[in-house]
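Visitor: I would like to go through this model with a few specific questions. Please keep the answers short.

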Amino acid sequence: MDHQPKFFENLSGTGKAIGVLTSGGDAQGMNAAVRAVVRMGIYVKAKVYFVYEGYQGMVDGGDNIVEVSWESVSSILQVGGTVIGSARCKSFRTREGRLQAAYNLVQRGITNLCVIGGDGSLTGANLFREEWSGLLEELAQKGKIDEEAVKKYAYLNIVGMVGSIDNDFCGTDMTIGTDSALHRIIEVVDAIMTTAQSHQRTFVLEVMGRHCGYLALVSALACGADWVFIPEYPPEEGWEDSMCVKLSENRARKKRLNIIIVAEGAIDCHNKPITSEKVKDLVVQRLGFDTRVTILGHVQRGGTPSAFDRILASRMGVEAVLALLEATPATPACVVSLSGNQAVRLPLMECVQMTQEVQKAMDEGRFVEAVRLRGRSFENNLNTYKLLSQKKPDAELPKTNFNVAVLNVGAPAAGMNAAVRAAVRVGITEGHKMFAVIDGFEGFARGKIKEISWGDVGGWTGQGGSILGTKRTLPAKYLEKIADQMRTNSINALMVIGGFEAYLGLLELSAAREKYDEFCVPMVMVPATVSNNVPGSDFSIGADTALNTITDTCDRIKQSASGTKRRVFIIETMGGYCGYLANMGALAAGADAAYIFEEQFDIRELQANVEHLTEKMKTSIQRGLVLRNENCNENYTTDFIYQLYSEEGKGVFDCRKNVLGHMQQGGAPSPFDRNFGTKISAKAMQWISKKLKETYRKGKVFANTDDSVCLLGMRRRNLVFQPVAELKNETDFVHRIPKEQWWLKLRPLMKILAKYKTSYDVSDSGQLEHVAMHSPKEAETGAI
């Protein structure tokens, strides 16, 4: 990659006008996308226009298309739905309507459109673009515009962002709104579980998704539902019997509740609908269980967007403006989307065609094909759900005679329990005996270890903290005792779920292999820490939950400030020396500044921030939000910054401070953390099985190579196993952070959205990719 770096600030939007509209069904996070497009557009000196009420507003013109300013999008980041309105529009489907829309746009010189909506809205936009020159010709013939205008506005650029809670658009891992909808579903399921447990009830939950089972599938994974019905994977003939057998078996195992999740578009293999009522009647008639139906409906579309959706939408909004600035008449209409952790651009029509292929495959009963077309993340979800939801009868399980131990190390992180559950269940399915270690390495040394069964981990996905118990103690001082315990319990493999201490622990254990043969077994680490400071992984379990806690708190704090004008809040976040939570929290909460250790700052910068806030107080936005990572600087403490701001802001604004503390480690895990924990842990367990087979010789397991002690991490677009020995070079051991961190690239984005002039390297983006059809093999290695 030797080409010149590309900087956002060098791109000019002067003379360009961008129209932004939301169309089709609303989704949480649309406002964050609108805000990013507006601010990025204004930042590069383009004019930006709101088009109110979707395509209807474009056809009606007048007050529906207005130029907006920086402040127009203030305070909308935390609002669900779309503030610029969305409407279904019949007239835009006619050429007459599109002619009128083209006229309204040309009047204002708008030739760049950013459309946020589902596949219908995006297809409409593409048709509009294809007809554009013809529409202008027709307007000129009718004498509505002159030839000059036809030449000047000769082509229309279109960039789409997918806003849809169903996550039904091919080519993008997550659409804007999906994560927030999952938050709503999981909140409801968690609440229902407590009442169901009290009465020994069965609940049938109907979730949205007419043609796509993503929400149903992922929420079933995230709450450990007993059964799930989705359109892409209809149950086999005779499913009624197998479902009832499973429900009654669960009851016999003393499980007091059953949860069944039904997507509203669920069908059987003859393409006949399976409704929630039908499922309820079946359970009542066959089993006589007390059964209730809850239809979630529009609750799923409502509420405030999650931190993930805000960051996703902000990143997409920036990418969309970039794509518009770089578009030429030859570039096809594109959508900006996310692949793994990477922003990408894809040709709009390729995505739409692929999305329609899925529907076609389902209509024709080619369901395996439909699942494959949905993409590897969907396929992975389905495979993991199948693996974890139903226990095979003991007679059908393989017997490997291997014993595998699972332990939690470090501070608690939400999602650890989901990871333990997945590890235990996958291990049992693979034929191993699973052991749980209580209280980390310290408990291990004391012999706190017991066999754990399939049923023992039921209901664990939604529990926060660490049920097994976790300690920060490192193994070095207990090596002999731990080796004894490994020998006594004949442990053949170790799975460690934890943060930086878990990583250090594995390094210590692998160094001790020379002295103790007991440690010559496969060992794998799954990163789980709110700080997200483990080398080798872009994300760690627990960080998303902590980020949501920070974002929610910041929202409340901002709201408290709207009553008392001209107030600045200074908020301290956790993270050790890692600025992930402070930086991403600032992006998700729309903060004015975030102080982090990775980017050194001095008194001049603090001064500049105070002046920036003083200027801001002169506008209509009379409040400020500043985040500070707990260890960003040993002298510029939270108190120091608070006192500095208070003194310098005298007479202009007053100051308050807040230390968020341990609430960031608690709470029920977010859907992302449950899901990420479940999938990454299942994958780690499969790796252990593979390594055990490879290293079993002459009746014993012996593994002493570097590649038998690995960390499983998410890197850009893939899950990868990396030997911990190789990660040493990537680690700053003094400050317990990776030497290079991907999210630092997003730092300028937060600054620009807060109206700072800064340099933003966008060399990564820009190549239009094609929608890849993945091979079935890839689904196993692939993305989350």
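Guide: The turns below cover a predicted model, taking single residues, then cores, then helix packing.

Visitor: Is Ser276 buried or exposed?
Guide: Ser276 belongs to helix 9, residues 276-287. Its relative accessibility is 3%. Buried means under 20%, so Ser276 counts as buried.

Visitor: Which side chain makes a polar contact with that of Ser276?
Guide: Apart from residues up to four places away in sequence, Ser276 touches Val204, Glu206, Val262, Val293 and Ile295. A polar contact of 2.7 Å joins its side chain to one of them, and the partner is Glu206.

Visitor: Is Lys254 buried or exposed?
Guide: Lys254 lies in the loop between helix 8 and strand 8 (258-263). Exposed means over 50% relative accessible area. Lys254 has 75% relative accessibility, and therefore counts as exposed.

Visitor: How far apart in space are Lys254 and Pro412?
Guide: In sequence, 158 residues separate Lys254 from Pro412. From C-alpha to C-alpha, the distance in space is 28 Å.

Visitor: Which helix gives the largest share of the largest nonpolar core?
Guide: The largest nonpolar core has 194 residues, and Met161 and Phe519 are among those with the most contacts inside it. The largest share of this core is 13 residues, and these come from helix 10 (residues 307-326).

Visitor: How many residues does the second, separate core have?
Guide: Met161 touches Leu122, as well as Met316 and Ala320 among others. Leu122 is included in the second core, as are Leu346, Met354 and Ala370. That separate core has 51 residues.

Visitor: At what angle do helix 8 and helix 9 pack?
Guide: Residues of helix 8 (residues 239-252), including Trp239, Met243 and Leu247, meet residues of helix 9, including Val279, Leu282 and Arg286. By class, the contact has eight nonpolar, one polar and four charged residues. The crossing is right-handed. The axes are 11 Å apart, and the angle is about 65°.

Visitor: How many charged residues are in the contact of helix 1 with helix 10?
Guide: The axes of helix 1 (residues 30-43) and helix 10 come within 7 Å and cross at roughly 35°, and the crossing is right-handed. Helix 1 contributes Ala32, Ala33, Ala36, Val37, Met40 and Gly41, while helix 10 contributes Arg310, Ala313, Ser314, Gly317, Val318 and Val321. By class, eight of the contact residues are nonpolar and three polar, and the number of charged residues is one.

Terms used: Residues numbered from 1 in each chain as written. Predicted model: local features only at pLDDT ≥ 70, side-chain atom pairs only at ≥ 80, totals over all residues. Heavy atoms only, no water. Helix = DSSP H or I, 4+ residues; strand = E, 2+ residues; numbered from the N terminus. Buried < 20%, exposed > 50% of the residue type's maximum accessible area, 1.4 Å probe, protein only. Polar contact = N/O pair within 3.5 Å; in protein donor to acceptor, adjacent residues only side chain to side chain. Contact = heavy atoms within 4.5 Å. Core = buried A, V, L, I, M, F, W, Y, C linked by side-chain atoms within 4.5 Å. Axes fitted to C-alpha atoms, helices over the stretch in contact; angles between N-to-C directions. Left-handed = near helix turned anticlockwise from the far one by under 90°. Nonpolar A, V, L, I, M, F, W, Y, C, P; charged D, E, K, R; others polar.
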